[in-house]
Amino acid sequence: MKMHTLLVAVAVAAVLGGCQRTSFGGMNTQQQPAPLRPAPVGGVQSGQLAPPMTPQPNEFPVAPTTPQPAVAPEVAAANAPELTREALIGRWSAGSGGSTCDVFLSLTKWTGGYRAASRGCVGNAAAIAAWDVQGKQVILADSSGNQVARLYQSANERYDGSTTAGQPISLSR
């Protein structure tokens, strides 16, 4: 019985201890910041706006609906800049067969060169699992090291080429 009384006393003390008021009765412990001065307001002007500009013919070219012929590999190789693997690391948008997907290139050693991964790709682009740089070209390969595509730099952050099946493919970001 003594134990029961002791437990009840401890429980009542804990409940009452949590119900105490802990205010400082109007004592302000923080200094209030000085009020800000209003920002100056300039005069309001009114007038007529210039008419909107209309694009000139061919100012915004429409993307072709049919695939453009790929540049001959000999011409692309001759005009392409030298490549470094470090410039290719990261996420790329791959376009092939009218669809786009993501391709990720890393410097992890892998069969066929370095590790690559594709997400949302179809056709030949879905097989991309490795990549490497050979001279002025980017070689994309499958998980067995078999070549899937060969690309050359065609612009800043853009590579164009073709798959082993002859289909155009591009990487851009």
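What share of the contacts in the protein chain with a separation of 6 or more is accounted for by residues 24 or more positions apart? In this predicted model, such residues account for 34% of those contacts. The protein chain contains two helices and eight strands, and from the N terminus on its elements follow the order α-α-β-β-β-β-β-β-β-β. Of the 173 residues in the protein chain, 23% are buried, while the exposed area comes to about 13000 Å², with carbon and sulfur atoms supplying 58% of it.

In soluble globular proteins, nonpolar side chains tend to be buried together. In the present model, the largest nonpolar core comprises 22 residues, and those with the most contacts inside it are L88, I128, W131, L140, L151, Y159 and L171. Two or more residues are given to this core by each of the elements β1 (90-96), β2 (99-110), β3 (113-119), β4 (130-134), β5, β6 (147-155) and β8 (168-172). For L171, when residues up to four places away in sequence are not counted, the residues touched are W92, S93, A94, V103, L140, L151, E157, R158 and Y159.

Strand β8 also holds S170, which is buried at a relative accessibility of 11%. Once its neighbours within four places in sequence are left aside, S170 is in contact with S93, A94, G95, L151, R158, Y159 and D160. Strand β2, in turn, contains L105, for which a relative accessibility of 3% is computed, so that L105 counts as buried. The residues touched by L105, apart from those up to four places away in sequence, are L88, I89, G90, W92, R115, A116 and W131. Between L105 and I128, which are separated by 23 residues in sequence, the C-alpha to C-alpha distance is 10.0 Å.

A pair of aromatic rings is described by the distance of the centres and the angle of the planes. Two aromatic pairs are present in the structure. In one of them, the ring centres of W92 and Y159 are 5.4 Å apart and the planes stand at 80 degrees; since an angle over 60 degrees counts as edge-to-face, the pair is assigned to that class. Because W92 belongs to strand β1 and Y159 to strand β7 (residues 158-163), this pair ties together parts that are 67 residues apart in sequence. Both W92 and Y159 are buried. The pair formed by Y114 and W131 is instead tilted, with 5.8 Å from centre to centre and 45 degrees between the planes. Here, too, distant parts of the chain are linked, with Y114 in strand β3 and W131 in strand β4, 17 residues apart; both Y114 and W131 are buried. A further arrangement at an aromatic ring involves R115, whose charged end sits over the ring of W110 at 4.3 Å from its centre.

Polar side-chain contacts are found at Q137, which is placed in strand β5 (residues 137-141). Although polar, the side chain of Q137 belongs to a buried residue, with a relative accessible area of 12%. The side chain of Q137 makes a polar contact with the side chain of R150 at 3.1 Å, and another with the side chain of Y152, likewise at 3.1 Å. Leaving aside its neighbours within four places in sequence, Q137 is in contact with L83, D132, R150, L151 and Y152.

Among these partners, L83 lies in the loop between α2 (73-79) and β1 and is itself buried, its relative accessible area being 12%. L83 and Q137 are 54 residues apart in sequence, yet their C-alpha atoms are 7.3 Å apart in space. Beyond its neighbours within four places in sequence, L83 is in contact with V133, G135, K136, Q137, V138, Q153 and Y159.

The backbone of the model shows one further feature of note at E157. Most residues other than glycine have a negative phi, and most peptide bonds are trans. E157, although not a glycine, has a positive phi of about 60 degrees. This residue is located in the loop between β6 and β7, and with a relative accessible area of 31% it is partly exposed. E157 is also one of the residues touched by L171.

Note on methods: Residues numbered from 1 in each chain as written. Predicted model: local features only at pLDDT ≥ 70, side-chain atom pairs only at ≥ 80, totals over all residues. Heavy atoms only, no water. Helix = DSSP H or I, 4+ residues; strand = E, 2+ residues; numbered from the N terminus. Buried < 20%, exposed > 50% of the residue type's maximum accessible area, 1.4 Å probe, protein only. Polar contact = N/O pair within 3.5 Å; in protein donor to acceptor, adjacent residues only side chain to side chain. Contact = heavy atoms within 4.5 Å. Core = buried A, V, L, I, M, F, W, Y, C linked by side-chain atoms within 4.5 Å. Areas by Shrake-Rupley, 256 points an atom, 1.4 Å probe, with all protein chains shown as cover. Phe/Tyr/Trp six-rings, centres within 6.5 Å; stacked < 30°, edge-to-face > 60°. Lys NZ or Arg CZ within 6 Å of the ring centre and 35° of its normal.
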